[in-house]
Amino acid sequence: MAAERAETRQARYVVGLMSGTSVDGIDAAVVRIAGGAAAGFGTGGEGAAASGNRAGSGGRSGDGQGSGVPAAELVAFANTPFPARVREEIFALFDPARATVDRVGRMNVRLGELYAEAALAVIADAGLTPADIAVVGSHGQTIYHAPEPYIEDGRDLRFTVQIGEGAVIAARTGIPCVSDFRVADMAVGGQGAPLVPFTEYLLYREPDRTLLLQNIGGIGNMTVLPAGGGADDVFAFDTGPGNMLIDGVVTRLSGGARTMDAGGEIARAGRVDGALLERLRREPYYARPLPKSTGRERFGAAYVEELLADARGRGMADADLVATVTMLTAWSIGDAYRRFVLPKRVADVMLVGGGGSYNPALIGFLKEELAPHGVRVLVQEDVGGSSDAKEAVAFALLADYAIARRTNNLPSVTGAARPVVMGKISY
């Protein structure tokens, strides 16, 4: 019934929910979608470019008139911070030794309740009721991601764990919920990440410019949209740490009084330590071939502790350490462009979203990295978009495709053997 409703309605309202590796809170967006999945759009290498009409602050859109290219209009957006105790417990679950079955199970249900409350609140903000919403798409909270092949008894046992029970969201809201997207891609040999490039291809591609869509959340990830290219020409990958090391260092240095370098204030007061930066650049992840993705398993608490020990050994000032890890994030993005993109494509513009786009020190370093290559660095707000809402909008679109039984991964990005319909549906 819900799938038929999503396929037959020319325009529908969808809610997208996102909580990322920074664990700042729940991003919730109400999105009005026309065309796209309901019009039978697929991922089989079509090359027609989107019209480039921006709808609200939700992203670029197509014409929405049955062309198969979706129009996505952001109707309402809200961020709900996690309660302090919940955030603390989520961070505890990042440690496999502490992520016992009972703790994971309880948090899975608790997050489902919190996501449902966030969905209902943003629906009300939009002046709508749950009956007006076709589907909710929830990314969930990643607590462990192991995308590299792990062969045991001749079977590949790569896995990922996202919590925030979709059945609870559906039960509390009365709306079908699509959740746990990554596993379907991983089941056919993919990395299960990044997922947002599918929606970036739908909404942002242009006929005459090669665009880099750079998200800077806890982890940084880059999507490359070649000028005039089709779905099979898109490639994307995690560049390395985004805000994760900055946030981790600031939290530890302040004894938890601060959880981020708001406005890049600390970094701008410090100086980059060249010797430490050079050592950090030797992290093997940066040179790994594509496709690739990463997370807290590599750049989490243990990495931060190692950084702090190194900085103390050097007698570094706190501000200098924050400046250095901020520069590392910018360098890793520039290095990724030089290493993986420039040999194939010369980019025109990098469009930055995510929490890192609000850090002037980080954006300044990034502009310095890319200026020699003629790449103009902009943030979502420079083009009428929303850095905060972009990924919540993406999961609304991914859910819209799933409920319509349309494939919604990009094998060229994730390394999957074939396109699949990602997401588990709860009614």
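Author: Glad to walk through this predicted model with you. Let's begin with a term: two strands pair if DSSP finds at least two bridges between them.

Reader: How do you know that E15 and E16 pair, and in which sense?

Author: Strand E15 (residues 349-353) and E16 share 4 bridges in the parallel sense. Pairing asks for at least two bridges, so these strands qualify. One bridge partner to look up is Leu378 in E16, which goes with Leu351.

Reader: Where do these strands sit in the sheet?

Author: The sheet is open, has 5 strands with mixed pairing, and runs in the order E14-E13-E12-E15-E16. Its edge strands are E14 (235-241) and E16 (376-379), each pairing on one side only. From one strand to the next, the twist averages 20°.

Reader: Why is Arg345 called partly exposed?

Author: Its relative accessibility is 31%. Buried means under 20% and exposed means over 50%, so Arg345, at 31%, counts as partly exposed. You will find Arg345 in the loop between helix H12 (318-341) and E15.

Reader: What does Arg345 touch, leaving aside residues up to four places away in sequence?

Author: Arg345 touches Thr210, Pro226 and Tyr337. The C-alpha atoms of Arg345 and Leu211 are separated by 9.9 Å, with their positions 134 residues apart along the chain.

Reader: What makes up the contact of H7 with H11?

Author: Its residues divide into 7 nonpolar, 1 polar and 3 charged. Gly counts as polar and Arg as charged, so Gly248 of H7 is polar and Arg312 of H11 is charged. The axes of H7 (residues 244-253) and H11 (residues 301-314) come within 10 Å and cross at roughly 60°.

Key
Residues are numbered from 1 along each chain as its sequence is written. This is a predicted model: local features need pLDDT of at least 70, side-chain atom pairs count only at pLDDT 80 or more; totals for chains, interfaces and linings use all residues. Side-chain values use heavy atoms; hydrogens and water are left out. Axes are lines fitted to C-alpha atoms, for helices over the stretch in contact, and angles run from 0 to 180 degrees between N-to-C directions. Buried means under 20% relative accessible area, exposed over 50%, partly exposed in between (1.4 Å probe, protein chains only). Contact means heavy atoms within 4.5 Å.
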